[in-house]
Amino acid sequence: FITVSGNSLNTDREILLNLKSFLENQNRVNRGRYSGWNRWTSNPCEWHGIMCSPDMERVTGINLSNSKISGEMFNNFSALTQLHHLDFSRNTLKGLIPDDLNRCHNLVYLNLSHNILGGELKLTGLTRLEKLDLSTNRFHGEVKFSFPAICNRLVVANLSMNNFIGRIDTFFDGCLNLMYLDLSSNKFTGNIWTGFSRLVEFSVSENRVSGLIPASSFSDNCNLKGLDLSVNMFHGEVPREISNCKKLVMLNLWGNKFSGPIPSELGSISTLEGLLLGNNEFSRVIPESLLYLNNLAVLDLSYNNFGGRLQEIFGRFRQLKSLVLQGNSYIDGLSSSGIHKLTNISRLDLSYNNFSGHLPAEFSEMVGLKFLILAYNQFTGPIPPQYGDLSQLQALDLSFNRLIWSIPPSVGNLRSLLWLMLANNSLTGEIPGELGNCSSLLWLNLANNQLSGRFPPELANIGRNPTLTFESNRRSNEMIAGPSDCLVTKRLLTMDYSPFGFIYTILTRKICKNVWDQLLQGYGFFQVCVKGSPVRKYRVSGYLQLSGNQLTGEVPSDIGKMQHFSVLHLSYNQFNGELPVEIGNLPLVVLNISWNKFSGQIPREIGNLNCLQNLDLSHNNFSGIFPTNLNCLNELSKFNISFNPQIAGQIPNIGQLATFEEESYLGNPLLHSRLFKLQDPTVPPLNSGKQALPGEEESEDGFWWKALLMEYGCGMAFGMVMLCICVVKVQPKWVVNNVEGLHQLKAVRPWKKNGSRGGGRII
């Protein structure tokens with residue numbers, strides 16, 4: 001590209017056209033709105049994303065945030081000599097920041113967040129910078145190459161979610177105008193920077209910073225409104241001088257090794273709204289002074305090993321909206337704690353303790369309750385039917401207790417309910433059809449109980465219209481997510497085979513909060529198939545988990561109405577009859593109906609589930625011809641059809657189904673494969689003794705073409721294009737193991753070291 005530099009709008013225009021050509025060469029499809037530059041007007045001040053000076057004489061800013069830009073950065077921004085504002089955030093820029101950017105001496109605002117840029121940070125030429133956002137990239141090395149060199153006018157610096165290393169205790173002393181500093185989710189080490197109290201907000205969460213917090217850090221003129229030191233290696237007592245921060249709104253010390261008493265001086269910070277002290281080693285005495293924090297909305301004291309009975313003081317925190325006490329080894333019941341008197345509370349999390357006795361019916365008096373999390377305790381007895389009066393309830397998690405009797409039909413009154421988690425109890429009786437009235441219910445887990453009876457047709461109505469609940473959450477600003485919410489998020493979303501499983505590998509506190517907020521507000525964070533559309537869309541997608549019960553009868557055809565569900569798990573029951581063809585209408589990612597008594601033919605409509613990744617039909621009584629159109633499920637990575645002995649036909653020799661080991665097909669003597677031998681050695685082959693007739697011998701090439709005609713029942717309309725997709729786009733090999741009564745999927749090596757075909761085994 002021609003290098004252009006000058007001091008007029010015309011030269012700025014030429015530079016922008018160079019930028020346009022550069023971006024279009026790197027992004028030949030799926031371009032952003034920059035491709036319209038110079039199409040309708042030659043005045044760059046009228047182009048999308050371009051800012052100009054008040055007199056319209058010079059270009060002063062470029063904002064191409066979220067413009068589908070990939071590739072490396074443009075290397076001639078410095079030619080725009082009046083450039084003050086540059087925003088290329090939320091793209092997929094890669095590589096290093098070019099040295100040219102250091103020559104943009106008038107730059108005041110730089111936002112390159114949410115890209116995949118890397119290398120060491122060297123921005124020493126940007127001495128007029130006031131706001132810098134490089135969060136969510138791949139920068140590494142120490143920050144000393146840029147700080148304090150660019151500190152002169154800097155007000156905001158966000159370096160979070162990168163791979164920075166080294167110390168932080170000296171490099172920001174010269175940043176006298178700095179007010180907001182976010183260093184979270186990196187690999188910083190050493191001691192804390194003691195000058196943080198002059199900031200308005202400071203976060204160093206999710207690093208490896210250690211040592212004591214000096215009392216001198218909290219100066220008399222402390223300006224802090226937000227302090228986040230969570231998930232580090234700090235130890236010792238929290239200094240009482242923290243009370244000097246009279247403007248503090250949020251204090252997050254979660255996930256360290258703080259010990260000793262909770263400072264009673266915290267009770268003097270009248271502005272405090274959030275106090276997160278979980279996952280530390282504080283003593284169990286809760287200061288009375290905290291009761292006088294009238295603005296306190298969130299209190300998290302989880303994982304402090306308090307033990308014993310629940311402290312009665314918690315029943316007096318009438319101002320609270322969120323109380324998290326999970327993982328404290330509390331014992332006995334809750335009736336005497338008075339905790340049910342917290343009528344303002346919207347979130348109560350008492351999970352991972354040793355509470356026992358019956359569930360308190362008095363919880364129904366907490367009329368504002370939205371999240372009731374009581375999982376992983378030892379509660380006994382029935383589910384109180386009064387819980388059906390909690391009209392605002394969005395999540396009810398009673399899983400992993402010892403609850404008995406049936407699910408009360410009154411639960412069907414909960415129109416705002418998004419999550420109902422009752423797994424791993426001893427519940428009996430039928431699934432009440434009234435659950436179908438829960439129009440917002442998207443995540444239902446009733447696994448591993450003793451439920452019996454049929455699949456009620458009304459159940460297919462759950463989650464049919466969650467819009468009102470999502471819209472209510474979008475208007476509300478009271479949900480403050482902390483690290484404990486990440487634990488809840490993982491438990492509520494990551495079930496076996498779920499598409500939510502990727503959260504475990506990328507989860508940080510910020511990502512967790514974003515996922516949590518998106519779900520509560522109804523915004524999807526992964527693409528799902530949409531009926532009648534070839535284009536996948538970001539939508540919230542639910543699951544139905546009924547495995548490990550004693551359910552019987554046929555699955556109703558109404559199941560085809562569950563358009564908001566991507567995971568259907570019915571394994572380890574006694575369902576029978578034919579699988580309804582309407583199941584092919586769902587946007588499924590996971591379908592597991594193993595270990596039942598389904599019969600008849602496998603619906604060919606399953607082959608239309610283009611988003612399907614996990615299909616387990618094993619241990620049933622299916623019969624008829626094996627539907628080879630399943631070979632067109634190009635995203636299928638886990639597949640098991642074993643032990644359906646009446647299924648007959650040929651397993652395709654190429655394509656997606658050919659990538660799976662023989663363990664996926666065991667116990668089916670009427671199935672044949674040229675890749676491996678499936679015939680039961682105790683049963684003679686079907687064609688044993690039959691001699692090939694003249695002309696029946698087939699060369700490998702001739703068999704290949706016949707295989708294509710016989711095995712690809714995807715529809716001739718797709719032609720060779722679909723054939724190529726089926727052949728080329730194959731996924732890794734998987735088999736199924738049965739571990740402790742639950743199906744867990746494990747990768748299997750396709751070949752052993754000695755060259756023989758390897759595989760897992762089915763227990």
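Two strands count as paired here if DSSP finds at least two bridges between them. The elements themselves are DSSP runs numbered from the N terminus, with helices (H or I) needing at least four residues and strands (E) at least two. With that in hand, let's walk through the model.

This is a predicted model, in which local features need pLDDT of at least 70 and side-chain atom pairs count only at pLDDT 80 or more, while totals for chains, interfaces and linings use all residues. Residues are numbered from 1 along each chain as its sequence is written, and side-chain values use heavy atoms, with hydrogens and water left out.

## The overall picture

The protein contains 7 helices and 49 strands. Of its 763 residues, 56% count as buried; buried means under 20% relative accessible area, exposed means over 50%, and partly exposed lies in between, using a 1.4 Å probe and protein chains only. A contact means heavy atoms within 4.5 Å. Among the contacts with a separation of 6 or more, 54% are between residues 24 or more positions apart.

## Two open parallel sheets

One open sheet has 5 strands in the order β24-β26-β28-β30-β32, with parallel pairing. Its edge strands are β24 (331-332) and β32 (426-427), each of which pairs on one side only. Within this sheet, β26 (residues 354-358) runs parallel to β28 (residues 378-381), and 3 bridges join them. One residue to look up is S356, whose bridge partner in β28 is Q378.

Another open sheet has 6 strands, ordered β3-β5-β7-β9-β11-β13, again with parallel pairing. Here β3 (70-71) and β13 stand at the edges with a single partner strand each, so one side of each has no neighbour in the sheet. β3 pairs with β5 (residues 92-95) in the parallel sense over 2 bridges, and G71 has L93 as its bridge partner in β5.

## Around strand β17

Strand β17 (residues 233-236) has two unlike faces: F234 and G236 make up the covered one, while M233 and H235 make up the uncovered one. This fits a general pattern: in a regular strand the side chains alternate between the two faces of the sheet.

β17 pairs in the parallel sense with β15 (residues 210-211) over 2 bridges, and S210 stands opposite M233. Strand β19 (residues 257-260) also runs parallel to β17, joined by 2 bridges, with F258 in β19 as the bridge partner of G236.

S210 turns up again among the contacts of N191, a residue that touches R167, I168, D169, V209, S210 and G211, not counting residues up to four places away in sequence. N191 sits in the loop between β13 (187-188) and β14 (201-203). N191 and R167 are 24 residues apart in sequence, and their C-alpha atoms are 7.1 Å apart in space.

## Helix α5 and its neighbour α2

Helix α5 covers residues 509-521, and its 13 residues should span 18 Å at 1.5 Å a residue, which agrees with the 18 Å between its end C-alpha atoms. The expected span is 1.5 Å times one less than the number of residues. Buried residues in α5 include R509, C512, W516 and L519. Just after α5, G522 takes a positive phi of about 85 degrees.

The axes of α2 (residues 467-475) and α5 come within 7 Å and cross at roughly 130 degrees. Axes are lines fitted to C-alpha atoms, for helices over the stretch in contact, and angles run from 0 to 180 degrees between N-to-C directions. The two helices are therefore oblique to each other; angles under 35 degrees count as roughly parallel, over 145 as roughly antiparallel, 65 to 115 as roughly perpendicular and the rest as oblique. Where they meet, F470, N473 and R474 in α2 contact L519, L520 and Q521 in α5. By class, this contact has 3 nonpolar, 2 polar and 1 charged residues. Nonpolar covers Ala, Val, Leu, Ile, Met, Phe, Trp, Tyr, Cys and Pro; charged covers Asp, Glu, Lys and Arg; the others, Gly among them, are polar.

## Backbone points worth a look

N305 and D332 have positive phi although neither is a glycine.

| Residue | Place | Phi | Relative accessible area |
|---|---|---|---|
| N305 | loop between β22 (298-300) and β23 (322-324) | about 55 degrees | 60%, exposed |
| D332 | strand β24 | about 65 degrees | 31%, partly exposed |

A cis peptide bond joins F147 and P148, with omega of about 10 degrees. P148 lies in the loop between β9 (138-141) and β10 (156-158).
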